[in-house]
Structure formats: structure tokens, C-alpha cells
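Thanks for sending this one over. Here are my notes, set out point by point so you can follow along in the viewer.

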Amino acid sequence: MSDLKDLYREVILDHNRSPRNFGRIENADRVVNGVNPLCGDKMTLYLKLAGDQIADARFEGTGCAISVASSSLMTERIRGATVGDTLKLFTAVRDMLTGATEPDEGMQKLAALAGVRDYPSRVKCASLAWHALKSALTDGTVSISTE
Ligand code: ZN
């Protein structure tokens, strides 16, 4: 289990150091600003849609290592996915972060985020990007807050 925790930590540090898909999308179809006042994390999610597919996903923002890594891992995972599969993934990640479910193989690298379950104040850091994603795909809300 400690090997697994080291692996998780490595993934988080890597994605914080070199965030994937960092930047804005000009002419994005969806733009959502998310804040986590508890920690001070801020992120803006940009989505470009092509029919029922997420053609591109990028983000900008500042925050702690977990919030940045979560945004990076999320955008990496959802690019090219369908909206339906992405909403299912949102639910699966939410359940994993709250401890309702254990990370399974389908989570792949996202399983690294499960490490926050031991630190309740960090769950919001990890879930910020995902709540922005859900808003972007469902109600089109332009601002969300974890509080
Ligand atoms: Zn944070």
C-alpha cells in the first residue's frame, strides 16, 4: 500500500510541476470559473465541443498542487471523450473522492486523486475542476464555488 501511495504522490507532483493542457481556448463553447475559497484555488475551464464529443479541454488558474494536478489529469482524460461518458466519469470521481467507492482500474491515473480522502479539507481542492466540468456540460453555469 505504501508503494501505491508513493505512486499517487508522484502523479500529483508531476502534474503540478508540468500541468497538461494549461492555457485558454479561443472561441471555447463552454467557459466556467471555479473557486475553492477554503484553500484559495481558482481555475477556469475551457471546453471545445464537436457534436457529442469534447474536442478540446484546457484550463488556467492558480492553486495548490492537488487542485492543479486534478485539473491537469481531468483535461487529459476527457479530451476526445463523449459528453455522456464524461458525466459518468464525473459521478465516479465524485464517489471516489468522497470515499463512497474505491478507485478501480477504470480510473487509471485519476486514482492518484483518491489520496485526498485521508484529508477532508483537500477533497474540495481535488473536486473543484470536476464541479466546473459538470456545470460546463449540464447547466452552463459560468461560475461555481465549492462553498
Ligand atoms: Zn487547494
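1. Which elements each supply at least two residues of the lining of the largest cavity? In this predicted model, they are strand 2, strand 3 and helix 2. Strand 3 gives the most, with four residues.

2. A little more on that cavity. The search of the whole structure finds one cavity of 30 Å³ or more, and the space in the largest cavity comes to about 50 Å³. Among the residues that line it are Lys 42, Met 43, Phe 59, Glu 60, Ser 67 and Leu 128. Sorted by class, the lining has five polar, four nonpolar and two charged residues.

3. Next, please have a look at Tyr 46, which sits in strand 2, residues 41-50. Why does Tyr 46 count as buried? Its relative accessibility is 6%, and buried means under 20%, so Tyr 46 falls within that class.

4. The surroundings of Tyr 46 are worth a click or two. Its side chain makes a polar contact with the side chain of Glu 60, at 2.8 Å; Glu 60 is also one of the residues lining the largest cavity. Beyond its neighbours within four places in sequence, Tyr 46 is in contact with residues including Gly 23, Ile 25, Val 31, Asp 56 and Phe 59. Ala 28 is another of these contacts: its C-alpha atom is 5.9 Å from that of Tyr 46, although 18 residues separate the two along the chain.

5. Now the zinc ion. The donors are the SG atoms of Cys 39, Cys 64 and Cys 125, together with two OD atoms of Asp 41, at 2.2 to 2.6 Å. In sequence, the donor residues follow the spacing C-x1-D-x22-C-x60-C. Cys 64 and Cys 125 link distant parts of the chain, 61 residues apart: Cys 64 is in the loop between strand 3 (53-62) and helix 2 (65-78), while Cys 125 belongs to helix 4 (residues 120-137). Both of these cysteines are buried.

6. Finally, the largest pocket, which holds about 350 Å³ of space. Its lining is made up of 14 residues, and those nearest the centre are Arg 9, Ile 66, Gly 115, Val 116 and Tyr 119. Helix 1 (2-17) and helix 2 are the elements that give two or more residues to this lining, with helix 1 giving the most, at five residues. By class, the pocket lining has nine nonpolar, four charged and one polar residue.

Definitions and conventions
Residues are numbered from 1 along each chain as its sequence is written. This is a predicted model: local features need pLDDT of at least 70, side-chain atom pairs count only at pLDDT 80 or more; totals for chains, interfaces and linings use all residues. Side-chain values use heavy atoms; hydrogens and water are left out. Buried means under 20% relative accessible area, exposed over 50%, partly exposed in between (1.4 Å probe, protein chains only). Contact means heavy atoms within 4.5 Å. A polar contact is a pair of N or O atoms within 3.5 Å; within protein, one must be able to donate a hydrogen and the other to accept it, and residues adjacent in sequence count only if both atoms are side-chain atoms. Donors are N, O and S atoms within 2.8 Å of the metal (3.2 Å for Na, K and Ca); water is not among the atoms, so sites may look incomplete. On a 1 Å grid over the protein atoms alone, a cavity is a set of points where a 1.4 Å probe fits but cannot get out, and a pocket is an open set with protein on both sides within 12 Å along at least five of seven lines; lining residues have an atom within 4 Å of a point. Grid points are joined across faces, edges and corners, and a volume is the space filled by probe spheres set on the points. Ala, Val, Leu, Ile, Met, Phe, Trp, Tyr, Cys and Pro count as nonpolar, Asp, Glu, Lys and Arg as charged, and the others, Gly among them, as polar.
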